[in-house]
Amino acid sequence: MSAEIAGPETLGILNSDPEHQDPNSPKAKEISGKSPLRIALGRLARDKIAVVCAVVVLFFIICAVFAGTITNIFGVDLVTPLASERVDGLNNGMPKPEMGPPNGPFTWDHPMGVAPRTGEDNLAYWLHGCRISLMIATVATLIASTLGVIVGLVAGFLGGTVDKVLSFFIDMFLTVPFLLAALTLSPILNDRFNTSEDYATIQKFMLVCVLAMFGWMGTARLIRGEVLALREREFVQAARVVGMPTSRVLFKELLPNLAAPIIISVSLMLPSFVALEAGLAFLGIGVTDGVSWGQTILKAATPTYFREYPQYLWQPLLGIVALVLSLNLLGDAVRDALDPKTRR
């Protein structure tokens, strides 16, 4: 009994452009009979910026998923004996950054060079840092999106007292500055479990909880607004008249019609969580026991390292910038592709 999504959205696309209003025009013939998903994918395929960003995001996903395999191919690892082999007594015990540009020639043994003082392989730490950042951001995005969708569905559909109570909680969480909450909660949680053998895993889990706890409100408000409009549609009223259970109306009738705003919300939430994870690690309240891009930037952001070995800082920094920028641009392209009123 769910609404036929293709009809209204396709008509909206056809009516958004004067050329589409003529049923005999080439564009109208090309679009007619296609589902909104096929139309959106076609738009994305014609968007060169979206295609480039998708390739960049795919590259980072491959690096994250196959980080261990790639490090094995290059013969590098997170543990390296270079720290004791490359000590320079005239440089306060800091290993000379002779491997990798700009201070030394390229070598396949360490394609991205080695870290000062510790001698850690930059490629291994870059790949595993990419894995940690994407893993934490993806899990937090899924949890926050699921919570936001459920709260928005219930608040928008039931209305009345339920809507007022849930809207109060949404507004209450929105008034709490995220950075202040993270600076307060993360040290407390980390100190609570810092003696555990699985401290690194617990730390990542706590970071996911903090990100999700203060990231679901925007999705909830967006879904609530969409549901307030959809619940007056004929297919929802018909479902309620025939006595369909509320859970079925929410998840079988309304949820399929909210695919576009959910996809847009996820595409915009993911890059923000990637940047937040790195920022919190740089502040020393994120991933402190393990590998992280933010931790590498924290160690590299000293005048001595930046002056003597700038690639140590630029490698993770450029990775974060490229990933976040690509995700943001791809999210904007997805939003435009799913919008029936756009003329792109």
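## Helix packing in an all-helical model

Among contacts in the protein between residues at least 6 apart in sequence, 72% join residues at least 24 apart. Contact here means heavy atoms within 4.5 Å. The model is predicted: local features need pLDDT of at least 70, side-chain atom pairs count only at pLDDT 80 or more, and totals for chains, interfaces and linings use all residues. Residues are numbered from 1 along each chain as its sequence is written, and side-chain values use heavy atoms, with hydrogens and water left out.

The secondary structure comprises 17 helices and zero strands. Helices (H or I, at least four residues) and strands (E, at least two) are DSSP runs, numbered from the N terminus. The protein has 344 residues, and 45% of them count as buried. Buried means under 20% relative accessible area, exposed over 50%, and partly exposed in between (1.4 Å probe, protein chains only). The accessible surface comes to about 17700 Å². Carbon and sulfur atoms hold 65% of that surface. These areas come from the Shrake-Rupley method with a 1.4 Å probe, and for residues only the protein chains shown count as cover.

### Two helix pairs

Two packed helices are described by the angle between their axes and the distance between the axes. Axes are lines fitted to C-alpha atoms, for helices over the stretch in contact, and angles run from 0 to 180 degrees between N-to-C directions.

Take H14 and H15 to begin. Helix H14 spans residues 259-283, and helix H15 spans residues 293-300. They pack at an angle of about 40°, with their axes 7 Å apart. That angle makes H14 oblique to H15. The classes run as follows: under 35 degrees is roughly parallel, over 145 roughly antiparallel, 65 to 115 roughly perpendicular, and the rest oblique. The crossing of H14 and H15 is right-handed. A crossing is right-handed if the near helix is turned clockwise from the far one by less than a right angle, and left-handed if anticlockwise. On the H14 side, Ala278, Ala281 and Phe282 make the contact. They meet Gly294, Gln295, Ile297 and Leu298 of H15. These residues divide into five nonpolar, two polar and no charged. Ala, Val, Leu, Ile, Met, Phe, Trp, Tyr, Cys and Pro count as nonpolar, Asp, Glu, Lys and Arg as charged, and the others, Gly among them, as polar.

Now H7 and H11. Helix H11 covers residues 217-230 and packs against H7 at an angle of about 35°, with the axes 7 Å apart. This crossing, too, is right-handed. From H7 come Ser145, Gly148, Val149, Val151, Gly152, Leu153, Ala155, Gly156 and Phe157. Their partners in H11 are Thr219, Ala220, Ile223, Arg224, Val227 and Leu228. The contact residues divide into nine nonpolar, five polar and one charged.

### Residues along H7

Glycine 156 lies in H7. It counts as buried because its relative accessibility is 0%. Beyond four places in sequence, glycine 156 touches Arg224, Val227, Leu228 and Arg231. Its C-alpha atom is separated by 5.2 Å from that of valine 227, 71 residues away along the chain.

Serine 133 is also found in H7, which runs over residues 122-158. At 1% relative accessibility, serine 133 is buried. Its contacts, not counting residues up to four places away in sequence, are Glu277 and Trp293.

### Residues in H4 and H14

Alanine 64 belongs to H4. With a relative accessible area of 7%, alanine 64 is buried. Leaving aside neighbours within four places in sequence, alanine 64 is in contact with Cys130, Arg131 and Leu134.

Isoleucine 49 is placed in H4 as well, a helix of residues 48-65. Isoleucine 49 is exposed, at a relative accessible area of 53%.

In H14, serine 265 is buried at 12% relative accessibility. Serine 265 touches Thr219 and Leu222, again setting aside residues up to four places away in sequence. Alanine 260 lies in H14 too. Alanine 260 is partly exposed, at 22% relative accessibility.

### Pairs far apart in sequence

The table lists C-alpha to C-alpha distances.

| Residue | Partner | Apart in sequence | Apart in space |
|---|---|---|---|
| Alanine 260 | Leucine 37 | 223 residues | 9.4 Å |
| Isoleucine 49 | Leucine 330 | 281 residues | 7.9 Å |
| Alanine 64 | Isoleucine 132 | 68 residues | 7.7 Å |
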